[in-house]
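Here is a quick tour of a protein model, with an eye on charges, pairings and a few tucked-away spots. Have a look at the sequence and coordinates, then read on.

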Amino acid sequence: MDFLLECIGFPPNTDFEALAHKVAEQGEPAPWRGPAGVHRQLSLGNGLELHLDREEGQDFHSLWPTFRSKQRLRVALEELRRLPDSPFDALLIGCANPPSLEPDSFEGQQYMLTTNLHDRRRIPRKLQKGHVLAVSICGFALDVSYCGPNEYVRDQAYLDRPRGAYLAPLGGEEDPGGCMDLSLRVREVRHLINPISGVPVDLIEADAPGRPLQLFVSPWQLAEDDLQAPRPGWRIEGSFLFSGRVAGGLPSATEHLRRNFG
């Protein structure tokens with residue numbers, strides 16, 4: 001999935017083999033990812049990161065873009081799957097913005113969410129359905145189908161939903177886990193720079209129900225499909241791969257001991 005790296009400023013003609021060696025040599029051990037094989041991460045600044053995975057016994061590596069989002073999203077657990085081809089990741093499926101007793105409970109702002117979590121080893125093997133986790137995630141574009149003025153949204157019914165948003169997990173047999181189909185209004189665009197390639201990177205904050213979501217898109221895909229760069233107040237639509245980390249809601253070690261010893 002080298003095309004995902006385009007979302008954080010690596011052109012299609014990048015020497016990805018050389019880039020992988022750079023991460024292996026200059027990066028740091030990725031937490032919760034080992035010890036087998038090579039698992040390194042290289043910070044690019046402003047929250048952007050490159051992750052390198054190579055499992056023991058394999059003769060190939062995987063490079064992934066990641067972003068350390070400061071946003072936290074509450075998700076009530078429906079299912080947590082292990083991924084056979086990526087043993088240090090988990091696929092989270094759940095309900096975003098579950099109601100709570102707090103005044104700001106986001107009543108009516110719920111939607112189904114799916115995302116990959118890179119720190120599966122932190123998560124207990126057994127969590128009850130409905131357990132609420134806080135996650136820090138962002139989306140990387142698999143395909144952008146529309147980016148333009150909000151009034152030309154492909155389905156006017158979207159505008160009647162909370163915050164004019166549409167979000168739904170992709171559920172086809174051939175769809176990779178953690179993918180969402182979405183139609184969201186762009187709230188803000190921050191301009192970052194990839195220090196390795198020198199290419200500008202747009203960090204998009206989209207106006208999702210309850211909490212905003214952060215997205216990255218490939219400028220090369222936009223150009224190929226004659227789409228303009230996102231602007232505040234516009235709408236973006238397409239399919240995105242979501243990934244991130246657990247930011248809170250895990251049982252404490254004390255709770256774990258109480259369950260084991262009474």
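## Charges and what sits around them

Let's start on the surface, where Asp 143, Glu 224, Asp 225 and Asp 226 gather in a patch of negative charge. One of these residues, Glu 224, belongs to helix α2, which covers residues 219–224. How exposed is Glu 224? Its relative accessible area is 66%, so Glu 224 counts as exposed.

Keep in mind that this is a predicted model. As for the overall build, the protein has 3 helices and 13 strands. Of its 262 residues, 50% count as buried. If you take the contacts in the protein with a separation of 6 or more, 63% of them come from residues 24 or more positions apart. The exposed area is about 13300 Å², and carbon and sulfur atoms supply 49% of that.

Now for the pairings. Side chains of opposite charge can pair when their charged atoms come close. How many salt bridges are there? The count comes to 8. Here are some of them, with the N to O distances:

| Pair | N to O distance |
|---|---|
| Lys 129 and Glu 78 | 3.4 Å |
| Arg 81 and Glu 79 | 2.8 Å |
| Asp 207 and Arg 185 | 2.9 Å |

Take the pair of Lys 129 and Glu 78, where the closest N and O atoms are 3.4 Å apart. Lys 129 is found in the loop between β7 and β8 (132–149), while Glu 78 is in strand β5 (residues 73–82), so this salt bridge ties together parts that are 51 residues apart in sequence. Lys 129 is exposed, at 63% relative accessibility, whereas Glu 78 is partly exposed, at 40%.

The salt bridge between Arg 81 and Glu 79 has its N and O at 2.8 Å. Arg 81 comes out as partly exposed with 38% relative accessibility, and Glu 79 is also partly exposed, with a relative accessible area of 34%.

Then there's Asp 207, whose side chain meets that of Arg 185 in a salt bridge of 2.9 Å, N to O. This one links distant parts of the chain: Asp 207 is in the loop between β11 (200–206) and β12 (213–216), and Arg 185 is in strand β10 (residues 179–193), 22 residues apart. Is Asp 207 buried or exposed? With a relative accessible area of 5%, under the 20% cut-off, Asp 207 is buried. Arg 185 is partly exposed, at 28% relative accessibility. The pair isn't on its own, either: salt bridges that share partners join Arg 185, Arg 187, Glu 205 and Asp 207 into one network.

Staying with the loop between β11 and β12, Gly 210 lies there too. Gly 210 is buried, with a relative accessible area of 15%. Its C-alpha atom is 8.8 Å from that of Glu 107, although the two residues are 103 residues apart along the chain.

Last stop: Asn 116, placed in strand β7 (residues 111–117). Asn 116 counts as buried, because its relative accessibility is 12%. What does Asn 116 touch, leaving out residues up to four places away in sequence? The list is Leu 83, Ala 90, Leu 91, Gly 177, Gly 178, Leu 241, Phe 242, Ser 243 and Gly 244.

Key. Residues numbered from 1 in each chain as written. Predicted model: local features only at pLDDT ≥ 70, side-chain atom pairs only at ≥ 80, totals over all residues. Heavy atoms only, no water. Helix = DSSP H or I, 4+ residues; strand = E, 2+ residues; numbered from the N terminus. Buried < 20%, exposed > 50% of the residue type's maximum accessible area, 1.4 Å probe, protein only. Contact = heavy atoms within 4.5 Å. Areas by Shrake-Rupley, 256 points an atom, 1.4 Å probe, with all protein chains shown as cover. Patch = residues over 30% accessible without salt bridge, like charges linked within 9 Å, V, L, I, M, F, W, Y side chains within 5 Å. Salt bridge = Lys/Arg side-chain N within 4 Å of Asp/Glu carboxyl O. Lys, Arg positive; Asp, Glu negative; His and termini not counted. Charge placed at Lys NZ, Arg CZ, Asp CG, Glu CD.
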